[in-house]
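Subject: Model for you to look at

Hi,

Here is the structure I promised to pass on, followed by my notes on what turned up in it. I hope they save you some time.

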Amino acid sequence: MLFRSKVADEIAAAGIACSVTRGQAVMSAKNGHLYTLQGQQAASDKRLVPDRTQTAMGCVAMLKDGRWLAGSTDGTLYIGTAEGEIRVEETIAFADLAGNDAKLFRSTTVPKFSDISVRGNWALLGTSNHCLVLLHLERILAARGVDAQAQAQANVEIVEIVEIVVQRYASLGLSSRP
């Protein structure tokens, strides 16, 4: 186990991310919480998922600006900071993404985010239900708070990129099913 605390039996780590330049580490857990770590102890924690749900936090990664990005098993992404106390700055529900491909995806399943890799403005998320989701974070965040047509366009581009990743995966002869 990574650390010991009073609630060690309740905490099952789902993902850990660190920022070497900031000397900071965060951990997502199956109990729906995000923790900041100092040494072998949890310095602080915050429940990110709604109360009275069984939703788990599936993954977490550090962004280049020092913020964190975490994904939950109900298809929600959270972006925030962990300096001092844990603060959520943005909540992005997969259900809010526009476009026909996103609607089709939502009609068949909910992305249960379980793994994440961030490179620059791109986040590649893996799900426990065998999907890859590639997001351009800057486009998503820029589209928030603007008119619905601009937001729909940003989301359609994201979904089209996801389709390209799936096609490339298939062209390599790799099965998308286990």
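A word on naming before anything else: helices (H or I, at least four residues) and strands (E, at least two) are DSSP runs, numbered from the N terminus. This is a predicted model, in which local features need pLDDT of at least 70, side-chain atom pairs count only at pLDDT 80 or more, and totals for chains, interfaces and linings use all residues. Residues are numbered from 1 along each chain as its sequence is written, and side-chain values use heavy atoms, with hydrogens and water left out.

**Confidence**

pLDDT is the predictor's confidence in each residue, from 0 to 100. Its mean over the chain is 75, with 67% of the residues at 70 or more. Among the elements, strand β6 (residues 68–72) has the highest mean, 92, and helix α3 (residues 148–171) the lowest, 58. Residues 1–9 have a pLDDT below 50; beyond near neighbours in sequence, that stretch has 15 contacts in the model, where a contact means heavy atoms within 4.5 Å.

**Overall layout**

The chain has 11 strands and three helices, and from the N terminus on they run β-β-β-β-β-β-β-β-α-β-β-β-α-α. Of its 178 residues, 42% count as buried. Here buried means under 20% relative accessible area, exposed over 50%, and partly exposed in between (1.4 Å probe, protein chains only). Looking at contacts with a separation of 6 or more, 39% come from residues 24 or more positions apart.

**Two open sheets**

Strands count as paired if DSSP finds at least two bridges between them. One open sheet has four strands in the order β1-β2-β3-β4, with antiparallel pairing. Its edge strands are β1 (13–19) and β4, each pairing on one side only, and the twist averages 25° from one strand to the next. For these angles, axes are lines fitted to C-alpha atoms (for helices, over the stretch in contact), and angles run from 0 to 180 degrees between N-to-C directions. Strands β1 and β2 (residues 24–29) pair in the antiparallel sense over six bridges, and Ser 19 stands opposite Gln 24 in β2.

Another open sheet of four strands has the order β5-β6-β7-β8, and its pairing is antiparallel. The edge strands here are β5 and β8 (87–93), each of which pairs on one side only. On average, neighbouring strands of this sheet are turned by 20° against each other, direction ignored. Between β5 and β6 there are five bridges in the antiparallel sense; Cys 59 has Gly 71 in β6 as its bridge partner.

**Nonpolar cores**

I use "nonpolar core" for a set of buried Ala, Val, Leu, Ile, Met, Phe, Trp, Tyr and Cys residues joined through side-chain atoms within 4.5 Å. The largest has 18 residues, and those with the most contacts inside it are Leu 69, Leu 77, Phe 113, Ile 116, Val 118 and Leu 125. At least two residues each come from β5 (57–62), β7 (76–81), β9 (113–119), β10 (122–127) and β11 (132–136). The most come from β9, which gives three. Leaving out residues up to four places away in sequence, Leu 77 touches several residues, including Leu 69, Phe 113, Leu 125 and Leu 135. Apart from this core lies another, of 13 residues, among them Ala 17, Met 62, Trp 68 and Ala 82.

**Individual residues**

Arg 52 might catch your eye: its phi is positive, about 60°, although it is not a glycine. Most residues other than glycine have a negative phi. Arg 52 lies in the loop between β4 (41–47) and β5, and counts as exposed because its relative accessibility is 83%.

Thr 55 is in the loop between β4 and β5, but counts as buried because its relative accessibility is 14%. Not counting residues up to four places away in sequence, Thr 55 touches Lys 30, Gly 32, Val 49, Ser 72, Thr 73 and Asp 74.

Asp 45, in strand β4, is partly exposed, since its relative accessibility is 41%. Its side chain makes a polar contact with the side chain of His 33 (2.6 Å); such a contact is a pair of N or O atoms within 3.5 Å, and within protein one must be able to donate a hydrogen and the other to accept it, with residues adjacent in sequence counting only if both atoms are side-chain atoms. Asp 45 and Tyr 35 are 10 residues apart in sequence and 4.2 Å apart in space, C-alpha to C-alpha.

Best wishes
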